Amino acid sequence: MKWSDLIKVSVLLSLSGSLFAKNIPDYKDRNKPVEVRVHDLLRRMTLEEKIAELNLVPYYASSDSAVRAQIRQGKIGALLKANGAALNRSLQEEAVGNSRLGIPLIFHEDVIHGYRTLSPIPLAESCSWDTVMVRRSAEAAAREATASGIQLTYAPMVDVSNDPRWGRIMETSGEDAFLGAAMAAARVRGFQGDNLSDGHTLAACVKHFIGYAALLGGRDYQNTDFSYRDLKERYLPPFQAAVDAGVSSVMCSYTSYDGEPVTMNRRINTDLLREEMQFKGLYMSDWTTLGHAVTEGASRDGRESSRRAMESGLDMDMSSGQYARWLRELVLAGEIDSSLIDRAAARALTLKFTTGLFDDPYMYFDVRKEKKITGSREIRQTVLDMALESMVLLKNDSSVLPLSGAEKIALAGPFTDMKADLMGSWTMKGQAGEVVSVWEGFCGKMPRGQLIHAGCTWDGVTPEYIAGLKEQVREADVVLACIGEYAFHIGEAVTTGRLQIPEEQIQMLRALKATGKPVIAVLFNGRPLVLDQVLASCDALLEAWYPGTLGGTAVASLLLGETSPSGKLTQTFPRHAGQVPVAYNFRRSFARIEHADLEKGPQFPFGFGLSYTTFAYGRPETDRTEYAQGDTVCVKVRVRNTGRMAAREVVQLYVRDEVATVIPREKELKGFASVFLQPGESREVLFRLPWESFRIWNNRMEHVLEPGVFTLQTGDDSEKVQSVQISFR
Ligand code: GLC
């Protein structure tokens, strides 16, 4: 072909290309803004197709053919619990291939602390106080989940609880709203990255909106009564932080606000979420919550629930089928304005456009990519790094830790070889076989000849086993007692009244103590526990939480002193279940009445955590003592490593409002910073507190700065602090 012909052909092709571009509908034009594409698509859709976008359906292998039939009939907008690039590709083919307008499915999942390679449970992660690390952990989870065909995760869970009886406390980021807000923003940014359509970032869904943790007695799902002040001061800040960080979606809670189920509560779903918080994204129910109101006697039937929920501002129905059943009828009967359906469908479609699914419905379903990314070295390293920073050293008498590595170590107890339970709950596609147990962690770092295996199965802590321990550990220089609460004792719908590890494990600890050898206890659990009996029978105690897939490696690394524990508790540990609820920041009262039959105060306060080194704190200093609205308060405190090992320290800053028009809380966390110091090194840590940090909700529920005196406190936990006073005029 001559050059001239080639040129003619390429001109014709480009012309036809642009002519073609002129003819594709806006919603298919990736160069058009998302809102234009959504608007164009909506006007082409039928009412039924719009309602389908609000129907979120769980997938099970057992319901495969039924779900595929519903997909082909265009009745489903999104799936949850469908996993794997191959399966989700095939389900997407059913949708795109049968949809008149080629509308793709979107796939949701509970990627709470990892997808296949699990990081520590969220409560553990929060004990790192390291938002950079927590963000990295979420990024790693997003990479594995998106490689396996997931585009949205039901995380971060940001409920603020101070009741360890509630099994879901393991999913929280602790008892403090300020820290919870920082963790919420870090996870949203980690999951979502800078571009939701880059194929390895996950749309996040912050939950459970709102006040789920206010349940009485720690009883899961129980309806809640809490004040608007509680809502503003404790439950809202992490949600607002997630919204400000650009979270794509919100999930409502099972519970109620002021008596009305949140599912259909307009004050919560529109006045608060949309108007006050300015959330623009998709708002979905929790699992079948649209059906609960009838059961609870708060609605006559699903038809009424669907009408009230849609009117209140709830966009999407997770797995109850009520929207699919009733919305069309309600619109045709004129009981719901079709504009509400358009509004909800627009939010659901927007997510499909922003995650890239309209431009390439199959971009998340590459089996080769899935194989390459799942369990990669980088992801395993990330969850290990996270575990190392999450564990908290609670006791270390006569510095029995760190071990030198020259000792003969006996490992005893039901968590010596435990794998499955180290993943905690919400384990997604986590494989127990891929978990590094404590025993394997030590075998990976020490000669086998220095290790004595004296462990047992989870149900093997029998009197015979305990009686045989003395002989089993005879040759050891030190004993590692691997103990904990079994993972089925924690998580959703599990509430426990006793906050103890099983009695037989206490007996085992006592027997080990009786050998006269140093006993180091490693505790695996998902909530604050009552530890008086554990503490009485060990020389050192490491709170390992449920540390995830590399948990055993992290335990061995810390106990052998490769790095120092640096975690700090984000939940107060009670001395007794009778003290619950416990927290560091209750509102003050004129008289402090404690339980007469218990030792006063918590076992371990919020912010507590030991190190292999010691740190000395100078007194905090401020740049001025008098401030006005609009000023920034600069607080500096010098921290010195006065021990013999380099280590990370989490420096905490609390503020105590001395007088206000409402009763102030004891104190409130307003800043935290990590420093890594070599032995003898000191660093000046600077906090910049904008004047807004000193605002309160006053006695007229206005969020204002009231003139007065404030005490600023810095230290390494919420009790061990030094203070300085300032005032705002
Ligand atoms: C559950 C939980 C929620 C979870 C959802 C989907 O019941 O309350 O946190 O994301 O259902 O599994």
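How far is a polar side-chain atom of K207 from an oxygen atom of the ligand? Let's start there. The distance is 2.8 Å. Before I go on, please keep in mind that this is a predicted model.

So, the ligand. R168 also reaches it: an N or O atom in the R168 side chain sits 2.8 Å from a ligand oxygen. Then there's D286, with a polar side-chain atom 2.6 Å from an oxygen atom of the ligand. Taken alone, the ligand would expose 310 Å², and the protein buries 95% of that.

Who else is around? The ligand is surrounded by 13 residues, and the closest are D110, R168, H208, Y254 and D286. If you sort that shell by class, you get 6 nonpolar residues, 6 charged ones and 1 polar one.

Okay, on to the cysteines. How many disulfides does a search of the whole structure find? The count is 0. As a reminder, a disulfide is a covalent bond between the sulfur atoms of two cysteines. Take C443: the closest cysteine sulfur belongs to C482, and it's 12 Å away, so that's too far for a bond. What about C482 itself? Its nearest cysteine sulfur is that of C456, at 9.7 Å, and C482 is in no disulfide either. For the cut-off, we're asking for sulfurs within 2.5 Å.

Are these two cysteines buried or exposed? C443 is partly exposed, with a relative accessible area of 31%. C482, on the other hand, counts as buried, at 0% relative accessibility.

Last topic: the nonpolar cores. In soluble globular proteins, nonpolar side chains tend to be buried together. Here, the largest nonpolar core has 88 residues, and the members touching the most others are F442, L531, V534 and L559.

Let's zoom in on F442. Which residues is it in contact with, if we leave aside neighbours within four places in sequence? Here's the list: L403, I409, L411, L451, L480, V555, A556, L559 and L560. You'll spot L559 there, which we just met as one of the residues touching the most other core members.

And there's another core, lying apart from that one. It has 71 residues, including I150, V331, I336 and F358. That's my tour, thanks!

Technical notes
Residues are numbered from 1 along each chain as its sequence is written. This is a predicted model: local features need pLDDT of at least 70, side-chain atom pairs count only at pLDDT 80 or more; totals for chains, interfaces and linings use all residues. Side-chain values use heavy atoms; hydrogens and water are left out. Buried means under 20% relative accessible area, exposed over 50%, partly exposed in between (1.4 Å probe, protein chains only). A residue is near a molecule or strand if one of its heavy atoms lies within 4 Å of it. A polar contact is a pair of N or O atoms within 3.5 Å; within protein, one must be able to donate a hydrogen and the other to accept it, and residues adjacent in sequence count only if both atoms are side-chain atoms. Accessible areas come from the Shrake-Rupley method with a 1.4 Å probe; for residues, only the protein chains shown count as cover. Ala, Val, Leu, Ile, Met, Phe, Trp, Tyr, Cys and Pro count as nonpolar, Asp, Glu, Lys and Arg as charged, and the others, Gly among them, as polar. A nonpolar core is a set of buried Ala, Val, Leu, Ile, Met, Phe, Trp, Tyr and Cys residues joined through side-chain atoms within 4.5 Å. Contact means heavy atoms within 4.5 Å.
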